[in-house]
Amino acid sequence: EKGIIKGQQQQNRLMGINDDVVQEVGREVGAFVSDPTLVQKCAAYLRSTAPTNMFEPHPSTESTSSLDYTGEEESLKSLLLESYMESGLVTEAFAKTF
């Protein structure tokens, strides 16, 4: 049945992602990054490059402005670009499946 979530794989999907969206995108959404630590590192990197007061202060013991991303910056940017591109695919899939 269309739109019904089945099985273990679907239970781990982001909210709103259903079989129709996955079929339209052509793969599981977000599957290119499965390490929660890497996701948090990307978030910290974005906060560190943002203008002052763009984001609410993060309840972290370490200031994002003091973090050093030397050697990681390109891989973080690449991951963020892939996330951005996938968000466009998902938006398009939502539009087609609703």
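**Figure 1. Asn-53 sits in the loop between helix 3 and helix 4.** In this predicted model, the backbone of Asn-53 is worth a close look: its phi is near 70 degrees, a positive value in a residue other than glycine. Most residues other than glycine have a negative phi. Is Asn-53 buried or exposed? With 72% relative accessibility, Asn-53 counts as exposed, because the threshold for that label is over 50%.

**Figure 2. The protein chain is built from 4 helices and 0 strands.** Reading from the N terminus on, the order of elements is α-α-α-α. The protein chain has 98 residues, and 21% of them are buried. If we take the contacts with a separation of 6 or more, 61% come from residues 24 or more positions apart. The accessible surface adds up to about 7300 Å², and carbon and sulfur atoms hold 54% of that area.

**Figure 3. Cys-42 is a buried residue of helix 3.** Helix 3 covers residues 36-49, and Cys-42 has its place there. Why does Cys-42 count as buried? Its relative accessibility is 5%, and buried means under 20%, so Cys-42 falls in that class. Once its neighbours within four places in sequence are set aside, Cys-42 is in contact with Leu-76, Leu-79 and Leu-80. A useful pair for anyone checking distances is Cys-42 and Glu-73: they are 31 residues apart in sequence, while their C-alpha atoms are 9.4 Å apart in space.

**Figure 4. A salt bridge joins the side chains of Glu-72 and Lys-41.** The N to O distance in this pair is 2.8 Å. The bridge links distant parts of the chain, with Glu-72 in the loop between helix 3 and helix 4 and Lys-41 in helix 3, 31 residues apart. Side chains of opposite charge can pair when their charged atoms come close. How exposed are the two partners? Glu-72 is partly exposed, with a relative accessible area of 26%, and Lys-41 is partly exposed too, with a value of 30%.

**Figure 5. Helix 4 holds the salt-bridge pair Glu-73 and Lys-77.** Here the side chains meet at 3.7 Å, N to O. What is the spacing of Glu-73 and Lys-77 along the helix? They are 4 residues apart in helix 4, so about one helical turn separates them. Glu-73 is partly exposed at 33% relative accessibility. Lys-77 is also partly exposed, with a relative accessible area of 38%.

**Figure 6. Glu-92 forms a salt bridge with Lys-96.** The closest N and O atoms of Glu-92 and Lys-96 are 3.2 Å apart. These two residues belong to helix 4, and because they are 4 residues apart, about one helical turn lies between them. Glu-92 is partly exposed at 41% relative accessibility, whereas Lys-96 counts as exposed at 51%. Elsewhere, salt bridges that share partners join Arg-13, Asp-19 and Glu-28 into one network. How many salt bridges does a search of the whole structure find? The search finds 7 salt bridges.

**Figure 7. Leu-81, Tyr-84 and Met-85 form a nonpolar patch on the surface.** Together, the three residues of this patch have about 380 Å² of accessible area. Leu-81, one of the three, is found in helix 4, which covers residues 73-97.

**Figure 8. The largest pocket has a volume of about 450 Å³.** Which residues are closest to its centre? Of the 19 residues lining the pocket, these are Leu-14, Val-29, Gly-30, Ala-31 and Val-33. Helix 3 and helix 4 each give at least two residues to the lining. The largest share comes from helix 4, with 6 residues.

Methods:
Residues are numbered from 1 along each chain as its sequence is written. This is a predicted model: local features need pLDDT of at least 70, side-chain atom pairs count only at pLDDT 80 or more; totals for chains, interfaces and linings use all residues. Side-chain values use heavy atoms; hydrogens and water are left out. Buried means under 20% relative accessible area, exposed over 50%, partly exposed in between (1.4 Å probe, protein chains only). Contact means heavy atoms within 4.5 Å. Accessible areas come from the Shrake-Rupley method with a 1.4 Å probe; for residues, only the protein chains shown count as cover. Patches are made of residues with over 30% relative accessible area and no salt bridge: like charges are joined within 9 Å, nonpolar side chains (Val, Leu, Ile, Met, Phe, Trp, Tyr) within 5 Å. A salt bridge is a side-chain nitrogen of Lys or Arg within 4 Å of a carboxyl oxygen of Asp or Glu. On a 1 Å grid over the protein atoms alone, a cavity is a set of points where a 1.4 Å probe fits but cannot get out, and a pocket is an open set with protein on both sides within 12 Å along at least five of seven lines; lining residues have an atom within 4 Å of a point. Grid points are joined across faces, edges and corners, and a volume is the space filled by probe spheres set on the points.
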